[in-house]
Amino acid sequence: MITAQQLVILDRDGVINHDSDAYIKSLDEWIPYPSAIRAIARLTQAGFTVAVATNQSGIARGFYDEATLNTMNERLHGLVEAEGGQIAHIAYCPHGPDDQCGCRKPLPGLFTEIQDKLTLSSLKGSWMVGDSLRDLQAGESVGCRSVLVKTGKGEKTLAKGDGLEHALVYADLAAFVDDLLSEALD
């Protein structure tokens, strides 16, 4: 049975793969961090459940379509499975910033989708790993513990310093996973 304390929710762009201010628009542009793929596999091998919560406004902006996003997600699943891991669910928001949806981070819609999909009564105590303040805000709004990684937009987020009072800061996903699995965190 899945518990909230054993759930790690990841942002995608900038945490699992390289990010781009021009958006990740194709499978060729989707370049994973090898250490992140291994870290996800290590989490699942240690009994954690991993989910992804990602804003994908490039769909609303017409830069790519949901079929292209699905191809990227399939590649992610395949790489993680090849390392012996699993991603339980990928929740994504296809809307733009002006669409007034409830799923675009920092709003909690992607998190409630993950909670429902994994049949959890709450996400309190789960981990949210992101590279932007809105990732952390969305997670904190549903009771997640916050982790900021310096990859992607993480260095810029850290330099601003706003809203990071409750966040742990790591160089990358692999460094966080090292501490989590060594039980340095509880």
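**Figure 1. Lining of the largest pocket.** Sorted by class, the residues around the largest pocket comprise 3 nonpolar, 7 polar and 11 charged ones. Please keep in mind as you look around that this is a predicted model. The pocket has a volume of about 350 Å³, and its lining is made up of 21 residues. If you want a handle on the middle of the space, look for D19, Y23, N55, R134 and K153, which lie nearest its centre. Two elements of secondary structure, β2 (49-55) and α4 (133-141), each contribute at least two lining residues.

**Figure 2. The second largest pocket and the residues around it.** Here the space amounts to about 180 Å³. Its lining consists of S132, L133, R134, K153, K156, T157, K160 and D162. By class, that gives 1 nonpolar, 2 polar and 5 charged residues. Both α4 and α5 (154-160) supply at least two residues of this lining, and α5 gives the most, with 3 residues. R134 and K153 may be familiar from the previous view: they are among the residues nearest the centre of the largest pocket, and they also line the second largest one.

**Figure 3. A tilted ring pair, Y23 and F63.** Searching the whole structure turns up 3 aromatic pairs. In this one, the ring centres of Y23 and F63 are 4.9 Å apart and the planes meet at 45°, so the pair counts as tilted. Y23 sits in the loop between β1 (7-10) and α1 (34-45), while F63 belongs to the loop between β2 and α2 (66-82), so the pair ties together parts that are 40 residues apart in sequence. Y23 is partly exposed, with a relative accessible area of 24%. F63 is partly exposed too, with a relative accessible area of 40%.

**Figure 4. The aromatic cluster of W127, Y170 and F176.** These three residues form one aromatic cluster. Within the cluster, the rings of Y170 and F176 have centres 5.6 Å apart and planes at 65°, so this pair is edge-to-face; the angle is over 60 degrees. Are Y170 and F176 buried or exposed? Both of them are buried.

**Figure 5. D13 and its polar partners.** Look for D13 in the loop between β1 and α1. D13 is buried, with a relative accessible area of 12%, so it falls under the 20% limit for that label. Which side chains make polar contacts with the side chain of D13? One is that of N17, at 2.9 Å, and another is that of Q56, at 3.3 Å. Setting aside neighbours within four places in sequence, D13 is in contact with D19, I24, Q56 and D131. D19 is a name to recognise here, being one of the residues nearest the centre of the largest pocket.

**Figure 6. S57 and its surroundings.** S57 is placed in the loop between β2 and α2. With a relative accessible area of 5%, S57 is buried. Its side chain makes a polar contact of 3.0 Å with the side chain of R61. Once neighbours within four places in sequence are left aside, the residues in contact with S57 are Y23, Y64, C93, P94, H95, G96, P97 and R104. Y23 appears in this list, and it is also the ring partner of F63 in the tilted pair.

Note on methods: Residues are numbered from 1 along each chain as its sequence is written. This is a predicted model: local features need pLDDT of at least 70, side-chain atom pairs count only at pLDDT 80 or more; totals for chains, interfaces and linings use all residues. Side-chain values use heavy atoms; hydrogens and water are left out. On a 1 Å grid over the protein atoms alone, a cavity is a set of points where a 1.4 Å probe fits but cannot get out, and a pocket is an open set with protein on both sides within 12 Å along at least five of seven lines; lining residues have an atom within 4 Å of a point. Grid points are joined across faces, edges and corners, and a volume is the space filled by probe spheres set on the points. Helices (H or I, at least four residues) and strands (E, at least two) are DSSP runs, numbered from the N terminus. Ala, Val, Leu, Ile, Met, Phe, Trp, Tyr, Cys and Pro count as nonpolar, Asp, Glu, Lys and Arg as charged, and the others, Gly among them, as polar. Rings of Phe, Tyr and Trp (its six-membered ring) pair if their centres lie within 6.5 Å; planes under 30 degrees apart count as stacked, over 60 as edge-to-face and the rest as tilted. Buried means under 20% relative accessible area, exposed over 50%, partly exposed in between (1.4 Å probe, protein chains only). A polar contact is a pair of N or O atoms within 3.5 Å; within protein, one must be able to donate a hydrogen and the other to accept it, and residues adjacent in sequence count only if both atoms are side-chain atoms. Contact means heavy atoms within 4.5 Å.
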